[in-house]
Amino acid sequence: MKMRSSLAFMFIAACSAPREPARVPPAQSEAAAPLWLAHQRIESNAALYELHVAPPVASIPDNEPFRLDVWIALASAPHVLCEDISLTVDAAMPEHGHGMNRVPKLARADDGHFVVEGLLFHMTGRWELYFDITRGAVTERAQCEVELK
């Protein structure tokens, strides 16, 4: 009986001993997340795409032209930009029944993200900003609201 209680005590002592934190292999811990992941995230309506937008839409100016940088990745692989897609950007004021007075210009940057220039919200109120992502014959929309005061 003495032998069993000694073994039980050693087992309990071993289980309650402080443990070292789990170590992550160096290759995983040193791999940095892409910089675009730090920007505002907008999910597409069917959750296929993840957009990252800079500057944040909350900082859009009233009645001044502005630019957006947009990174688009598949939601299933958010660390990899989609290369075989196209993007269109538009905006509207649903309560007023009109959109922007300008058509923005889009270009693809060398790193694969989209540069959208020439956007202008010409009046205060609630705007909806639309991002239409097309891959092949399928278009999926992502949108967000912008309140200009």
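A residue is called buried when its relative accessible area is under 20%. Keep that cut-off in your pocket, and remember as you click around that this is a predicted model.

**Stop 1: the whole chain**

Show everything as a cartoon. You should find 2 helices and 9 strands. If you trace the chain along its sequence, the pattern reads α-α-β-β-β-β-β-β-β-β-β. Of the 149 residues, 34% count as buried. Now think about who touches whom: among contacts between residues at least 6 apart in sequence, 57% join residues at least 24 apart.

Next, colour by pLDDT. The chain average is 83, and 79% of the residues score at least 70. Then select residues 3–30, where pLDDT stays under 50. For that stretch the model has 1 contact beyond four places in sequence, so take its drawn path with a pinch of salt, given that pLDDT is the predictor's confidence in each residue.

**Stop 2: an aromatic cluster**

Select Phe66, Phe121 and Trp127 and show their side chains. Ring pairs link these three into a cluster. How many aromatic pairs does the count come to? It comes to 2. Start with Phe66 and Phe121: their ring centres are 5.2 Å apart and their planes stand at 75°, so this pair is edge-to-face. The pair brings together distant parts of the chain, with Phe66 in strand 3 (residues 66–74) and Phe121 in the loop between strand 7 (114–119) and strand 8, 55 residues apart.

Now swing round to Phe121 and Trp127. Here the rings are stacked, at 4.3 Å centre to centre with 5° between the planes.

Is Phe121 buried or exposed? Phe121 has 0% relative accessibility, so by the under-20% rule it is buried. Trp127 also has a relative accessible area of 0% and is buried. Phe66 is buried as well.

**Stop 3: an open sheet**

Hide the side chains and look for an open sheet of 4 strands, in the order 5-4-8-9 with antiparallel pairing. Why do strand 5 (98–99) and strand 9 (138–148) each have one side without a neighbour in the sheet? They stand at the edges and each has a single partner strand, so nothing in the sheet pairs on the other side. As background, strands of a sheet pair through backbone hydrogen bonds.

Zoom in on strand 8 (residues 125–135) and strand 9: they run antiparallel and are joined by 11 bridges. For one of the residues to click on, pick Phe131, whose bridge partner in strand 9 is Ala142.

While you're here, show the side chains of Tyr130 and Arg141. Arg141 lies over the face of Tyr130, at 4.2 Å from the ring centre.

**Stop 4: Glu50 and its company**

Last, select Glu50, which you'll find in strand 2 (residues 49–54). Its relative accessible area is 8%, so Glu50 falls under the cut-off and is buried.

Which side chains make polar contacts with the side chain of Glu50? One is Arg41, at 3.0 Å. Another is His52, at 2.9 Å. Draw both distances in your viewer.

Then bring up the surroundings. Leaving aside residues up to four places away in sequence, Glu50 touches Leu37, Arg41, Ile42, Trp71, Ile72, Ala73, Ala75 and Pro78. Notice that Arg41 turns up here again, the residue with the 3.0 Å polar contact.

Notes
Residues are numbered from 1 along each chain as its sequence is written. This is a predicted model: local features need pLDDT of at least 70, side-chain atom pairs count only at pLDDT 80 or more; totals for chains, interfaces and linings use all residues. Side-chain values use heavy atoms; hydrogens and water are left out. Buried means under 20% relative accessible area, exposed over 50%, partly exposed in between (1.4 Å probe, protein chains only). A polar contact is a pair of N or O atoms within 3.5 Å; within protein, one must be able to donate a hydrogen and the other to accept it, and residues adjacent in sequence count only if both atoms are side-chain atoms. Contact means heavy atoms within 4.5 Å. Two strands pair if DSSP finds at least two bridges between them. pLDDT is the predictor's confidence in each residue, from 0 to 100. Rings of Phe, Tyr and Trp (its six-membered ring) pair if their centres lie within 6.5 Å; planes under 30 degrees apart count as stacked, over 60 as edge-to-face and the rest as tilted. A charge sits over a ring if NZ of Lys or CZ of Arg is within 6 Å of the ring centre and within 35 degrees of the ring normal.
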